[in-house]
Amino acid sequence: MLIQKWMASTCQLLPRSLAVPVQSKTRTTFTMPGAGQLQYLDRPGGHKISYRKTEGLKSPGVIFLPGFMSNMNGGKALAVERYCQHHGHSYVRFDYQGCGESIGDPELAAGTRAFDVWKTDAQAVLDQLTSGPQILVGSSMGGAIMLLLAIENPTRVQALLGVSTAVTFDKPLTYTEDNVSTQAPTTNEYVTPKDFWDKKYQRCLMSDSIPVTQPVCLIHGMQDDTISYMTSVDLSKRLQSKHVDVVLRKEGQHRMSKREDLALLVQCLGNLLSLSNSKL
């Protein structure tokens, strides 16, 4: 009851009817053998978010949440997909509105905030494209969305895996995937908008006690010059969960997309899946 009252004052949801968008850019698309067919999920205002879904018989399923202005075709998303295909778990990767292969007006609608819209996209994916317990894998900004979804959907979200997790946006964010565009991005394309997210989310994630009770693994590179690895260390102390692991890679950078980084990613995912299965 106390948590519910706290949530009402600091983590109140914005209406899910918020519609779209942000600046879109050309993307390089890769299709893996066995990858789910490209599909679209309808969103308010005639917009559509693109996604690929891999069916699996094992529970829990897995959802990948991309970082700022990144897409579902990056190295981490594909590495997780390969792992889920091999081990029989359902998996969804998707593009936020205005990103990747999603369809919609690239201009941000007046009065809306990009983060808030993308969070409603992630909630729609959880609600409409999956069933049963899910593990969320969040990259950079996707880590913040991951945490909020875990708070708001405690019966659906089984565990969390954050990579270079961001919990505040007072500094510019960079893309989290190497193949976000075929052209070199301009400086403006790297910068998070001034009015990027609703302050209620900031209050929620910067609280001394964050009501995330699921198992959490936070991976962070110590050479990350975008989001300090101390962000994950500090976050681990503020999560209410009793099962929180922080894994630091000494030579790791923000994208965490090198071969050894991806190997670590799927290893940590495997650990969370095993832990989740032991509780089912």
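This is a dialogue about reading the main features of a predicted model.

Reader: What does the protein contain, in helices and strands?

Author: A count of elements is a plain place to begin. The protein has eight helices and eight strands.

Reader: What share of the residues is buried?

Author: Of the 280 residues in the protein, 57% are buried. The accessible surface comes to about 12000 Å², and carbon and sulfur atoms account for 51% of that surface.

Reader: Among contacts between residues at least 6 apart in sequence, what percentage join residues at least 24 apart?

Author: In this protein the figure is 81%.

Reader: In what order do the strands of the sheet lie?

Author: The order in a sheet is read from strand to neighbouring strand. Here the sheet is open, its eight strands follow the order S1-S2-S4-S3-S5-S6-S7-S8, and the pairing is mixed. At the edges are strand S1 (38-43) and strand S8 (244-249), each of which pairs on one side only. On average, neighbouring strands of this sheet are turned by 20° against each other, direction ignored.

Reader: How many bridges join S1 to S2, and do the two run parallel or antiparallel?

Author: S1 and strand S2 (residues 47-54) run antiparallel and are joined by six bridges. Within this pair, Gln39 stands opposite Tyr51 in S2.

Reader: Where does S7 stand with respect to burial, and what covers its faces?

Author: A strand has two faces, and each can be checked residue by residue. Six of the six residues of S7 are buried, so S7 is largely enclosed by the rest of the structure. On one side Val216, Leu218 and His220 are buried, and on the other Cys217, Ile219 and Gly221 are buried, so that both faces of S7 are covered.

Reader: How many bridges join S7 to S6, and how many join S7 to S8?

Author: S6 and S7 run parallel, with four bridges between them. Gly162 stands opposite Leu218 in S7. S7 and S8 also run parallel, joined by six bridges, and Ile219 has Val247 in S8 as its bridge partner.

Reader: Which strands does helix H7 touch?

Author: Helix H7 (residues 229-238) packs on the sheet and touches strand S7 (216-221) and S8. The direction of H7 makes about 160° with that of S7.

Reader: Which strands does helix H8 lie across?

Author: Helix H8 (residues 259-279) lies across strand S3 (58-65), strand S4 (89-94), strand S5 (134-139), strand S6 (157-163), S7 and S8. H8 runs at about 165° to S6.

Reader: How do the axes of H3 and H4 cross?

Author: A helix pair is read from its axes, then from its contacts. The axes of helix H3 (residues 114-129) and helix H4 (residues 141-152) come within 10 Å and cross at roughly 55°. That angle makes H3 oblique to H4. The crossing of the two is right-handed.

Reader: Which residues of H3 and H4 meet?

Author: From H3 come Phe115, Trp118, Lys119, Ala122 and Gln123; from H4 come Met141, Ala144, Ile145, Leu148, Leu149 and Glu152.

Reader: Is Asn153 buried or exposed?

Author: The cut-off for buried is under 20% relative accessible area. Asn153 has a relative accessible area of 10%, so Asn153 is buried. Asn153 is placed in the loop between H4 and S6. Not counting residues up to four places away in sequence, Asn153 touches Gln123, Leu126 and Gln214.

Methods. Residues are numbered from 1 along each chain as its sequence is written. This is a predicted model: local features need pLDDT of at least 70, side-chain atom pairs count only at pLDDT 80 or more; totals for chains, interfaces and linings use all residues. Side-chain values use heavy atoms; hydrogens and water are left out. Two strands pair if DSSP finds at least two bridges between them. Axes are lines fitted to C-alpha atoms, for helices over the stretch in contact, and angles run from 0 to 180 degrees between N-to-C directions. Contact means heavy atoms within 4.5 Å. Buried means under 20% relative accessible area, exposed over 50%, partly exposed in between (1.4 Å probe, protein chains only). Accessible areas come from the Shrake-Rupley method with a 1.4 Å probe; for residues, only the protein chains shown count as cover. Angles under 35 degrees count as roughly parallel, over 145 as roughly antiparallel, 65 to 115 as roughly perpendicular and the rest as oblique. A crossing is left-handed if the near helix is turned anticlockwise from the far one by less than a right angle, and right-handed if clockwise.
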